[in-house]
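Hello,

Please find the structure we talked about below. My notes on it follow.

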Amino acid sequence: MEEIKNRSSKSAGGRRPDGKSISPKSSGGRPTDGRSIRGRGTSEKATDGRSIRGRGTSERPTDGKSVRRSGNREGMKERPTDGRSIRGRSADGKSISHRNADGKSIRHSRNRDDRNLHDEGIADGEARSGNRHGGRRRKKKKNNLLTNIIMVVAVAVFCVSAFQLVRIGKGYYDGRSEYEKIRELAIEKNKKDGPKFQVNFDELRTLNPDTIAWLRFDPEPAAINYPVVQGKDNEEYLHKTFSANENTLGTIFLNVDNNANFLDENSLIYGHYMNDGSMFRHLEDYKDKKFWEANPYFYIYTPDGQELVYHIYSVGEVLDTSETYLTDFPTNDDYQKFLDMTKDVAMYDTGIEVTTGDTIVTLSTCTSANNDHRFVVRGVKVKE
């Protein structure tokens with residue numbers, strides 16, 4: 001009996017007080033609840049009786065779910081408490097993959113900083129793309145708005161320009177028509193005396209009491225063939241026709257400071273430069289000396305029946321502040337200086353002498369250059 005007991009005591013096994021056998025294998029055993037704890041290496045069973053097995057460092061947690069490790073911690077594989085796999089290669093920046101709570105895989109780049117930069121790059125790229133497309137849309141809208149504004153402005157300018165052209169054209173037509181009717185009414189030809197030019201001032205003064213004369217060129221420029229008025233100032237007839245109609249043609253008028261009998265040393269007659277060739281537009285024909293040679297005279301007819309003939313002796317371009325527009329000369333010397341000046345500024349020499357015993361008429365109009373310049377034709381009276 002003692003021999004048997006000794007053999008039994010030599011073995012690693014034994015029985016518990018309740019009679020159950022305890023047989024160790026390696027470092028394994030059973031816990032106090034009778035459940036087997038087996039291990040290869042370090043494997044064992046947890047206190048709840050579930051097996052914890054491991055190769056190297058594998059074990060089971062208290063909830064019985066397996067956590068396995070592949071030997072060293074750098075290649076660690078484990079399951080979290082929810083039983084889903086978390087795999088990793090190492091903590092040295094190599095790829096680590098996880099599954100999140102919904103079971104979908106989340107892959108990360110080699111290190112967190114690279115991942116963040118990558119994610120930020122994508123977000124930035126998307127933002128840039130969005131900004132670029134949004135910018136294009138905004139730019140397109142802005143371009144469309146600018147185009148629409150330009151179109152509206154262009155249409156408005158066109159409409160205004162068309163209206164102005166129509167208004168100007170109508171003004172020219174109405175003015176020309178009015179003066180043609182006045183010519184038909186006022187100009188008479190005495191059959192007994194031949195082709196002598198005569199003016200019916202009674203009819204003219206019925207239409208306009210400010211009538212003081214009639215001006216004409218013969219043979220050219222035949223377009224200058226108008227009544228002459230004198231207003232209360234030099235503004236009244238700038239935009240009012242002979243029949244008192246508002247019109248850009250205005251009326252040929254005598255300077256308000258001159259005497260209506262044309263006895264002043266320098267009488268000034270004004271007329272507009274009209275693009276349709278009316279009023280004093282054709283005074284510029286006298287820029288050509290040959291034209292002057294063919295048409296050196298103009299004529300003024302007065303209500304008392306006189307025909308005043310003027311020989312053109314000077315033509316030229318002057319400023320509106322020129323001494324050309326002087327009408328009062330205290331002495332003969334002052335007047336002679338004035339006459340010399342009118343010849344000195346002339347475009348060409350006509351060879352006609354003018355003295356202090358003569359009286360002149362200056363015809364003045366604007367120029368096509370600018371508003372500060374005037375074109376003048378000066379004539380000395382040679383016959384009454």
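Lys232 is exposed, with a relative accessible area of 65%. In this predicted model, its side chain forms a salt bridge with that of Glu236, at 3.7 Å from N to O. Glu236 also meets the side chain of Lys240 in a salt bridge, here at 3.1 Å from N to O. Lys232, Glu236 and Lys240 are thus joined in a network of salt bridges. Unlike the exposed Lys232, both Lys240 and Glu236 are buried. Side chains of opposite charge can pair when their charged atoms come close.

The count of salt bridges comes to seven. Another one of them pairs Glu353 with Lys343, with the closest N and O atoms 4.0 Å apart. This pair links distant parts of the chain: Lys343 belongs to helix H5, while Glu353 sits in the loop between H5 and E17, ten residues apart. Glu353 is exposed, at 61% relative accessible area, and Lys343 is partly exposed, at 26%.

Helix H5 itself covers residues 332-344. Its 13 residues should span 18 Å at 1.5 Å a residue, and because its end C-alpha atoms are 18 Å apart, the two values agree. Which residues of H5 are buried? They are Tyr335, Phe338, Leu339, Met341 and Thr342. These cover an arc of only 155° around the axis, so they lie on the same side of H5. The other side has Asp333, Lys337 and Asp344, which are exposed. The cover over the buried residues of H5 includes strands E14 (266-270), E16 (307-319), E17 (360-366) and E18 (373-383).

Strand E16 also holds His311. With a relative accessibility of 17%, His311 counts as buried, because the cut-off is under 20%. Leaving aside residues up to four places away in sequence, His311 touches Trp292, Pro296, Tyr297, Ile352, Arg378, Gly379, Val380 and Val382.

On the surface, Leu145, Ile149, Val153 and Val157 make a nonpolar patch of about 350 Å². Val153 is part of helix H2 (residues 112-186) and is partly exposed, at 46% relative accessible area.

Last, the figures for the chain as a whole. The protein chain has five helices and 18 strands. It has 384 residues, of which 34% count as buried. Of its contacts with a separation of 6 or more, 48% are between residues 24 or more positions apart. The chain exposes about 24500 Å², and carbon and sulfur atoms supply 50% of that area.

Regards

Key. Residues are numbered from 1 along each chain as its sequence is written. This is a predicted model: local features need pLDDT of at least 70, side-chain atom pairs count only at pLDDT 80 or more; totals for chains, interfaces and linings use all residues. Side-chain values use heavy atoms; hydrogens and water are left out. Helices (H or I, at least four residues) and strands (E, at least two) are DSSP runs, numbered from the N terminus. The expected span of a helix is 1.5 Å times one less than its number of residues. Buried means under 20% relative accessible area, exposed over 50%, partly exposed in between (1.4 Å probe, protein chains only). The arc is that of the directions from the helix axis to the C-beta atoms. Contact means heavy atoms within 4.5 Å. Patches are made of residues with over 30% relative accessible area and no salt bridge: like charges are joined within 9 Å, nonpolar side chains (Val, Leu, Ile, Met, Phe, Trp, Tyr) within 5 Å. Accessible areas come from the Shrake-Rupley method with a 1.4 Å probe; for residues, only the protein chains shown count as cover.
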